[in-house]
Amino acid sequence: MQRLERTTSGRSAAAAEVMTLERVGSIEDRLTLEPSIIGALRMEPSLRKLPPSVSVKIVAQLLDDISTPLEPPRLTVVSAHQLLKDYGASMVVCSFASLLSLAVVMIFSRMEWVTNEPSGDIAFNAFNFTLLCVSLSVSGVAFFLGVEFITTFGYQRFFDRKFFGIVLASAVLYIVVLFSMTIDGFDYWWYYVDILVVVPVYCVGAFFMGFLGSASDNVSRFQQFTTGIWYMMIEVCVSAAALIYGMALIPIYLTLSPIHQAVWRVTLHSFYFEVFMMIPVRWLVSRQLKSLSVLKSLPVVHAQAHISSIGRMMLAGFSDLWIAAITIVLVNVGKLLFRMTSPWRDSLFNKMFSRKVFSSEKEAEDDQAFKQFVRAISLHVDIIMETSCVVTGGVCLYLFLPHAEFFMLPFPNNGVPLTITLAVSSICIQLVVGAIFDCAALYCGARYLKMPVSETFEQMKAHSGPFFGFLIYGVATMGTMTTLFMACRVPRPMFCASNDICSCNFLVTPCSSS
């Protein structure tokens, strides 16, 4: 929230009261001199307390005085010292994100997931699995949308547009449906009901977030509908890419040798998420962005949460420190190259899938400014989330070793156990190597790619509560909790002949009957 204040001599007391405006939600997108929106501005929460004696004409005059066109952040001289300060500040955010994620890991690692039956067979705890599903659905899906809506559009609009009703209805739906099926003894996971309930409801909720969040007197229903579609398309893209990778490709990864896993992590992992998630997300966010506001680019956080959580666990799963160290260095070299070539990939994507024609040179420059702005935010979010997940990934693998029978996490598969020494060593190597390449990416992005790196981080700090709060929340829920859900080895047609876990081909300890 930004406060604009201006004092002018000779104004009446009533007019002076109007001169202090709080730009709430999307009002900063609509501070313009167009008379047609003055009435809409009076309906904003920040203007509802105006005294009756203040005329619309005075409001228009004051808006004329205080409003300025939204311009791209001005690039300042690149300062290595300032970039290091920004990096240090981002590490503080990483600490909080890691602590919350570690709390999630510790809670679920203490649960009982697989039990030994008197017959000698094994069985998984269906109630605890449902508890994980409900926890993810409520905190990582329904409440996630609510937090994103509040962060993007503000508390006032969250209640005025009745979006809280959608959040609560989604949470109740998840709780009632999933627990009812569990109590009735229905094996809903075999029919993918957990996914078919959670994902569509989440995407519909994303549509209404854009639809209701953009609602105002000067925005048509068609514009609201278009905004809702943009938000929904972003979430569909992210959800589909994450589920396919976590539930279909990771099982293949786990069957490979350590060398082949290292090659996968260096090449396929980065290529997959860049092509099927980050390039489309950056394009979609840039298309629906109407002001250079960090709070309007939060879908990037959701996308990066999946990439970082899964990727860092994969790096922590090598039992050979030499292979781990070489892989970590190569991954960071690849990430630096990916970060520095993002403008080229985005340009290629635009040429292939976008035929947007600009009416003026300024419009083209503004479009490029939006893209650079989103790239700078993606870079900062990438650094914060990747670093946050380093500690979480190593600790998670170590704590979940007793539950390796039930979770498809990237544990070492060469017979060498993951010791606490290996986990801590991997974490330290990742932190040191990552810091070097992260600082290099910040400097090269600002110096050579002309990204508004420092300017964007200043905006992030100006909105530190909502932006960093949402980021920390996203790492723990959409990142860590979603990874645990996708790793659950419940009986599904993809891996099992029937809904009996003894028919599954992923069991480490075979059932006595098999």
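Which helix gives the most to the lining of the second largest cavity? In this predicted model, that contribution comes from α8, which supplies five residues. The cavity in question belongs to a set of seven, each of 30 Å³ or more, found in a search of the whole structure.

The second largest cavity has a volume of about 200 Å³. Its lining comprises 16 residues, and those nearest the centre are Val 141, Val 198, Val 199, Leu 243 and Thr 482. At least two lining residues are supplied by each of α5 (126-153), α8 (193-213), α9 (221-254), α12 and α18 (464-487). Classified by residue type, the lining of the second largest cavity contains 11 nonpolar, four polar and one charged residues.

The largest cavity encloses about 350 Å³ of space. A total of 22 residues line the largest cavity, with Glu 274, Lys 335, Phe 338, Arg 339 and Asp 382 lying nearest its centre. Two or more lining residues come from each of α11 (268-288), α12 (299-316), α13 (321-340), α14 (342-353) and α15 (361-399). Among these elements, α11 provides the largest share, six residues. The lining of the largest cavity is made up of nine charged, eight nonpolar and five polar residues.

Helix α12 contributes to both linings: at least two of its residues border the second largest cavity, and two or more border the largest cavity. With respect to composition, one charged residue is present in the lining of the second largest cavity, whereas nine are present in that of the largest cavity.

Notes. Residues numbered from 1 in each chain as written. Predicted model: local features only at pLDDT ≥ 70, side-chain atom pairs only at ≥ 80, totals over all residues. Heavy atoms only, no water. 1 Å grid on protein atoms, 1.4 Å probe; cavity = no way out; pocket = protein on both sides within 12 Å on 5 of 7 lines; lining within 4 Å. Points joined across faces, edges and corners; volume = space filled by probe spheres on them. Helix = DSSP H or I, 4+ residues; strand = E, 2+ residues; numbered from the N terminus. Nonpolar A, V, L, I, M, F, W, Y, C, P; charged D, E, K, R; others polar.
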